[in-house]
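Student: Please take a close look at a single part of this model for me. Then connect that part to the rest of the chain.

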Amino acid sequence: MAALYCVMGDPIEHSRSPEIHRRFAAQFSIALEYRRINVQPGSLPSMVRRFAEDGGLGCNITVPLKEEAAALSDSLGDGARQAGAANTLSFGDNGRIHGDNTDGPGLLRHLRVNLGLELENASILIIGAGGAARGIIPALMGANIAKITLVNRTRKRALELARRFAPLGAIRAGNPEAETPPPADLVINASSAGLAGHPPRLPRSLAAGAHCIDLAYGKAAEAFMSWARRGGARSTHDGWGMLVEQAAESFAIWHDRHPDTRKLLNP
Ligand code: ATR
């Protein structure tokens, strides 16, 4: 019988996780069934329980349910605990649920291995202070970087995130209306403004000389990448590589084998 997994979120129809996990499974001749399940906020615990009763072994969790996923877990990996968000749930024999967050490790692997970027002593500017930013900050702060500056449309949320993660290292909320954020080696777009086609409402000069990456992929990343190119970015990237790498980290947790991501990165 095929091992059963899924991704839960809302919206979910366009998720490419099933395709990615099936291709990984094929590398090891693992028989895998991987579904997409639309889940509304509030109903995650019952949907996860039902999926486990149907024989599911684990699920990926995407927007907007990652915080709920951490809350329902009986135990959490370090990154999920620090972020307060989980994107990978694994079901134990005893009905217990373990939550991990592979977004941060996936992003790090993509930056270091696929893009060849050196993160040590890097100064990082993160645009956005929602769930996506929260998921990646613990891993970045564990990578010997110099500092993170957070800027967000609603500054209060940036201040809250900076306070939450201050015990892990140097992080502060910038105030772009009052001061220009310091030059960054890496600019990460974790805002969802690109979904509506909006570029950051920030001076393009912030991208000058920096490697710039959006956490979203495809069309949703275009406005940011064009903003960054016009600002003189050193390189621009969308979030496809991170999506593939976070899926590979989830796959490794579930199947105890790390898949080769290269064919998916360069289709
Ligand atoms: P996600 O899980 O995708 O991060 P989220 O938690 O709703 O979703 O966070 C969305 C982020 O994108 C927030 O930082 C949000 O800014 P606010 O905190 O001010 O809401 C940012 N965002 C969304 N639309 C935006 C827009 N049009 N302009 C600027 N920032 C935007």
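Tutor: Start with the vocabulary: helices (H or I, at least four residues) and strands (E, at least two) are DSSP runs, numbered from the N terminus. This is a predicted model: local features need pLDDT of at least 70, side-chain atom pairs count only at pLDDT 80 or more, and totals for chains, interfaces and linings use all residues. Residues are numbered from 1 along each chain as its sequence is written, and side-chain values use heavy atoms, with hydrogens and water left out.

The part to examine is helix α9, residues 240–255. Take its length. The expected span of a helix is 1.5 Å times one less than its number of residues. For the 16 residues of α9 that gives 22 Å, and the end C-alpha atoms are 22 Å apart, so the two agree.

Next, its cover. A residue is buried under 20% relative accessible area, exposed over 50%, and partly exposed in between (1.4 Å probe, protein chains only). In α9, 15 of the 16 residues are buried. Just after the helix, D256 takes a positive phi of about 65 degrees. Most residues other than glycine have a negative phi, and most peptide bonds are trans.

Now its partner helix. Axes are lines fitted to C-alpha atoms, for helices over the stretch in contact, and angles run from 0 to 180 degrees between N-to-C directions. The axes of α5 (residues 103–114) and α9 come within 7 Å and cross at roughly 120 degrees. That makes α5 oblique to α9. The classes are roughly parallel under 35 degrees, roughly antiparallel over 145, roughly perpendicular from 65 to 115, and oblique for the rest. The α5/α9 crossing is right-handed. Handedness is read from the near helix: left-handed if turned anticlockwise from the far one by less than a right angle, right-handed if clockwise.

Aromatic contacts come next. Rings of Phe, Tyr and Trp (its six-membered ring) pair if their centres lie within 6.5 Å; planes under 30 degrees apart are stacked, over 60 edge-to-face, the rest tilted. The whole structure holds 6 aromatic pairs. One of them is F28 with F251, stacked at 5.8 Å centre to centre, with 25 degrees between the planes. This pair links distant parts of the chain: F251 is in α9, F28 is in the loop between α1 (17–27) and β2 (32–38), and they are 223 residues apart. F28 is partly exposed at 25% relative accessible area. F251 is buried at 0%. Away from α9, the rings of F51 and F91 have centres 6.4 Å apart and planes at 70 degrees, so that pair is edge-to-face. F51 lies in α2 (residues 44–53) and F91 in β5 (residues 88–91), so parts 40 residues apart in sequence are tied together. Both F51 and F91 are buried. Back at α9, F251 belongs to one aromatic cluster with F24 and F28.

The loop that holds F28 deserves a further look. S29 also sits between α1 and β2. Its phi is near 50 degrees, positive in a residue other than glycine. S29 is exposed, at 69% relative accessible area.

The loop after α5 has a similar entry. N121 lies between α5 and β7 (123–127). N121 is not a glycine, yet has a positive phi of about 65 degrees. At 57% relative accessibility, N121 counts as exposed.

Two cis peptide bonds can be added. One joins D10 and P11, with omega about 0 degrees; P11 is in the loop between β1 (3–9) and α1. Another runs from V63 to P64, with omega near 0 degrees; P64 is in the loop between β3 (56–61) and α3.

Finally, charged pairs. A salt bridge is a side-chain nitrogen of Lys or Arg within 4 Å of a carboxyl oxygen of Asp or Glu. The count comes to 10. Among them, R134 pairs with E67, closest N and O atoms 3.6 Å apart. This links α6 (residues 131–141), which holds R134, to α3 (residues 66–72), which holds E67, across 67 residues. R134 is buried at 18%, while E67 is partly exposed at 40%. K156 and E160 form another, at 3.2 Å. Both lie in α7 (residues 155–165), 4 residues apart, about one turn of the helix.
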